[in-house]
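Please take me through the features of this structure one at a time. For each, I should like the general idea and then the particular case.

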Amino acid sequence: MGSRFKAVATAVVMVVLASGGVLAATAGPAGAAVPTCNEATRKYSVSNQYMFIPVYYSTLSPQCNMRRGNKNNAVKYLQRVMRDQYDYAIAVDGDFGPATENALKALQRRLGISADGVYGPQTRDAICWPLWEYPNSCGWYNR
């Protein structure tokens, strides 16, 4: 192994370790990382009613994902909606564990979308979110 290769390999390892052990491609839009939803905030439906949906808090963007291993308020809100709106018997503890993943897969199948157990834009747009002013009603976020 040449000394130049060793230097480049060492630099790559140092960058990976400094980034928390994750090496991600960021060359273009396809390589752009989708943030993890970490909070729920008010967003408007197409009927101009408002609801709370999971977002990435620092940008308030609903373009975010949640998956097994996440622990935050967005997970807690998703769990509450799955429990209260869809009658899944899961804990509302903010921990996206196996029970939440299995409930989400079941909900995704029920909604007729890809049942991968990962919350993202497809799931967000398929869920009927509770409307703030009318707690017994729900609406769809699709803006």
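**Reading salt bridges, a helix and a core**

A: Asp 125 and Arg 124 form a salt bridge, in which the closest N and O atoms are 2.8 Å apart. The model is a predicted one, and the pair serves as a starting point.

Q: What is the general idea behind such a pair, and are Asp 125 and Arg 124 buried or partly exposed?

A: Side chains of opposite charge can pair when their charged atoms come close. Asp 125 is partly exposed because its relative accessibility is 31%, which lies between the limits of 20% and 50%. Arg 124, at 3%, counts as buried.

Q: How many salt bridges does the count come to?

A: The count comes to three salt bridges. One of them joins Arg 83 to Asp 84, with 2.6 Å between the closest N and O atoms. Arg 83 is partly exposed, its relative accessible area being 34%, and Asp 84 is also partly exposed, at 43%.

Q: Which residue forms a salt bridge with Arg 68, and where in the chain do the two lie?

A: The partner of Arg 68 is Glu 101, and their closest N and O atoms are 3.1 Å apart. This pair links distant parts of the chain: Arg 68 belongs to the loop between S2 and H2, whereas Glu 101 lies in helix H3, 33 residues away. Glu 101 is buried, with a relative accessible area of 15%; Arg 68 is partly exposed, at 47%.

Q: How should the overall fold be read, and what pattern does the protein chain follow along the sequence?

A: One begins with the elements and their order. The protein chain has four helices and four strands, arranged along the sequence as α-β-β-α-α-α-β-β. Of the contacts between residues at least 6 apart in sequence, 43% join residues at least 24 apart.

Q: How much of the protein chain is buried, and what area does the chain expose?

A: Buried residues account for 36% of the 143 residues. The exposed area is about 8500 Å², of which carbon and sulfur atoms supply 55%.

Q: How does one check the length of a helix, and what span should H2 have?

A: The expected span follows from a rise of 1.5 Å a residue. Helix H2 has 12 residues, 73-84, so it should span 16 Å; its end C-alpha atoms are 16 Å apart, which agrees. At the N-terminal end of H2, Asn 72 acts as the cap, with a side-chain oxygen 2.9 Å from the backbone nitrogen of Ala 74.

Q: Which residues of H2 are buried, and what covers them?

A: An α-helix has 3.6 residues a turn, so residues three or four places apart point the same way. In H2 the buried residues are Ala 74, Val 75, Tyr 77, Leu 78, Gln 79, Val 81 and Met 82. Their cover includes strands S1 (39-44), S2 (50-55) and S3 (129-130), together with helix H3 (98-111).

Q: Which residues touch the most other members of the largest nonpolar core?

A: That core has 26 residues, and those touching the most other members are Met 66, Leu 78, Met 82, Tyr 86, Tyr 119, Ile 127 and Trp 129. S2, H2 and H3 each supply at least two residues of the core, and the largest share, six residues, comes from H2. Leaving aside neighbours within four places in sequence, Leu 78 is in contact with Met 66, Phe 96, Tyr 119, Ile 127 and Trp 129.

How values were computed
Residues numbered from 1 in each chain as written. Predicted model: local features only at pLDDT ≥ 70, side-chain atom pairs only at ≥ 80, totals over all residues. Heavy atoms only, no water. Expected span 1.5 Å × (residues − 1). Buried < 20%, exposed > 50% of the residue type's maximum accessible area, 1.4 Å probe, protein only. Contact = heavy atoms within 4.5 Å. Polar contact = N/O pair within 3.5 Å; in protein donor to acceptor, adjacent residues only side chain to side chain. Areas by Shrake-Rupley, 256 points an atom, 1.4 Å probe, with all protein chains shown as cover. Core = buried A, V, L, I, M, F, W, Y, C linked by side-chain atoms within 4.5 Å. Salt bridge = Lys/Arg side-chain N within 4 Å of Asp/Glu carboxyl O.
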